[in-house]
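Visitor: I'd like to learn how to read a few features in a model like this one. Could you walk me through them?

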Amino acid sequence: MVVNVAIVGVGLVGSEFIRQVLSTQSKKIAVVAVANSRAFLTSSAPLTASWKDELASGSAKPFTLDAFTASLAASKAAHPTVILDCTSNETVATYYPTWLAGGFHIVTPNKKAFSGDLGLYKKIKELSSQPGSPLVYHESTVGAGLPVINTLNDLVNTGDKIVKIEGIFSGTLSYIFNNFSTLDASAKPVKFSEVVSVAKDLGYTEPDPRDDLNGMDVARKVIILGRVAGLDLTQETVQVENIVPEMLRSLPTDEFMAKLPEFDEHFAKLNAEAVQNGQVLRYVGLVDPVHGKSSVTLARYPASHPFASLKGSDNIIAFTTERFPNPLIIQGAGAGAAVTAFGIYSDILKIAERTQH
């Protein structure tokens, strides 16, 4: 049985997913619809490598969520249909209950439905948890292609007790602090502003690096994991340490970058205090069901800790549970189109396997 896939959002990740499906010549997945914010295209046959030209041509229709969904009704009657949301759009996320009520499965890297309004999250859970109901997979909302949510679901569903989930969830902040704070005596000291500037030039940060440094992206991932673990976390219940100096928070981006060197001494002092104690600085998200204090903070770790030896822009997540008192650790590339598309592809294959008749 082939699973049809309809994609909303065909930017970097959506396009890479299509490339991976076409290059592997999957017999289980057929991409039958694509949409961007302006237009959509549906087809009774699987789309080919020329899909971008077709979407840009006169045969595409003006996009609205209602029109796009209505166009999928015919294909849904013949095959299970997965709607893949590759946007980061909140309006699209609020449409998930409509899709689920219509019998569509959902796969997405969009964090908004799982870290935003708690009522929306619970509605999605309710509509996707009944026997025979449509399935929702969102592995790529945390750690891109790393098996983070799948592992946590397995721990929870088998009755393990979650003691703590701790991790470096941002590839950007991983890169920045792995380069800025090190116990390697032979490493040349670097200024915090210089590391941020290099990360921005390499495309690791958002166009405005404060969107990484303010901790909100990490907070969203903490909320997602906390909710999967059974906690009703919200933006208000997670303590977030914004490491952007207060004086720089409301400036235009260029001015922020120009003035950040004025605070190099502040960050150098924090780092020196850590290094003197044989520790390094790492920006970490914490889900703490035992004490009920989930947070995002700039924390210190000794050289012996796995977080201290992290390289590049890798993510690392440690699950401490009743069965795993020595944490179960997942580590690897946690950002990038290729690994995010892999996570999506893998989720859709799971749906294909579960909907075989």
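Visitor: Let's start with a polar contact: which backbone atom lies 2.9 Å from a polar atom of the side chain of N178?

Guide: A polar contact here is a pair of N or O atoms within 3.5 Å; within protein, one must be able to donate a hydrogen and the other to accept it, and residues adjacent in sequence count only if both atoms are side-chain atoms. For N178, the partner is the backbone oxygen of G312. Bear in mind that this is a predicted model, where local features need pLDDT of at least 70 and side-chain atom pairs count only at pLDDT 80 or more, while totals for chains, interfaces and linings use all residues. Residues are numbered from 1 along each chain as its sequence is written, and side-chain values use heavy atoms, with hydrogens and water left out.

Visitor: Is N178 buried or exposed?

Guide: Buried means under 20% relative accessible area, exposed over 50%, and partly exposed in between (1.4 Å probe, protein chains only). N178 has 11%, so it counts as buried. It sits in helix α10 (residues 171-180); helices (H or I, at least four residues) and strands (E, at least two) are DSSP runs, numbered from the N terminus. Setting aside residues up to four places away in sequence, N178 touches R282, L310, K311 and G312, where contact means heavy atoms within 4.5 Å.

Visitor: How should I read the UniProt labels, and where is the "active site" placed?

Guide: Read them with some care: positions are in the numbering used here, feature names are shortened, and annotations may be inferred rather than shown by experiment. The unreviewed UniProt entry puts "active site" at K221, which lies in helix α13 (residues 216-228). K221 has 7% relative accessibility, so that one is buried too. Its side chain reaches the backbone oxygen of F169 at 2.9 Å. Leaving aside neighbours within four places in sequence, K221 is in contact with K111, T141, V142 and F169.

Visitor: K111 turns up there. Which residues carry the "binding site" feature?

Guide: UniProt (unreviewed entry) gives T87 and K111. They are spread over 25 residues of sequence, yet they cluster in space, with a largest C-alpha distance of 9.4 Å. Both T87 and K111 belong to the lining of the largest pocket. On a 1 Å grid over the protein atoms alone, a pocket is an open set of points where a 1.4 Å probe fits, with protein on both sides within 12 Å along at least five of seven lines; lining residues have an atom within 4 Å of a point.

Visitor: Where does T87 lie?

Guide: Look in the loop between β5 (81-85) and α5 (90-93). The T87 side chain reaches the backbone nitrogen of N89 at 3.1 Å. K111 lies in another stretch, the loop between β6 (105-107) and α7 (112-115).

Visitor: What order do the strands of the open sheet take?

Guide: Two strands pair if DSSP finds at least two bridges between them. Here seven strands run β4-β3-β2-β1-β5-β6-β7, with mixed pairing. β4 (61-62) and β7 (136-137) are at the edges with a single partner strand each, so one side of each has no neighbour in the sheet. β6 and β7 pair in the parallel sense over two bridges, and V107 stands opposite Y137 in β7.

Visitor: Last one: which residues of helix α9 are buried?

Guide: An α-helix has 3.6 residues a turn, so residues three or four places apart point the same way. In α9 (residues 148-157), V148, I149, T151, L152 and L155 are buried. They fall within an arc of 160° seen down the axis, so they line one face of the helix; the arc is that of the directions from the helix axis to the C-beta atoms. Their cover includes β8 (162-168), α13, β12 (314-321) and β13 (328-333).
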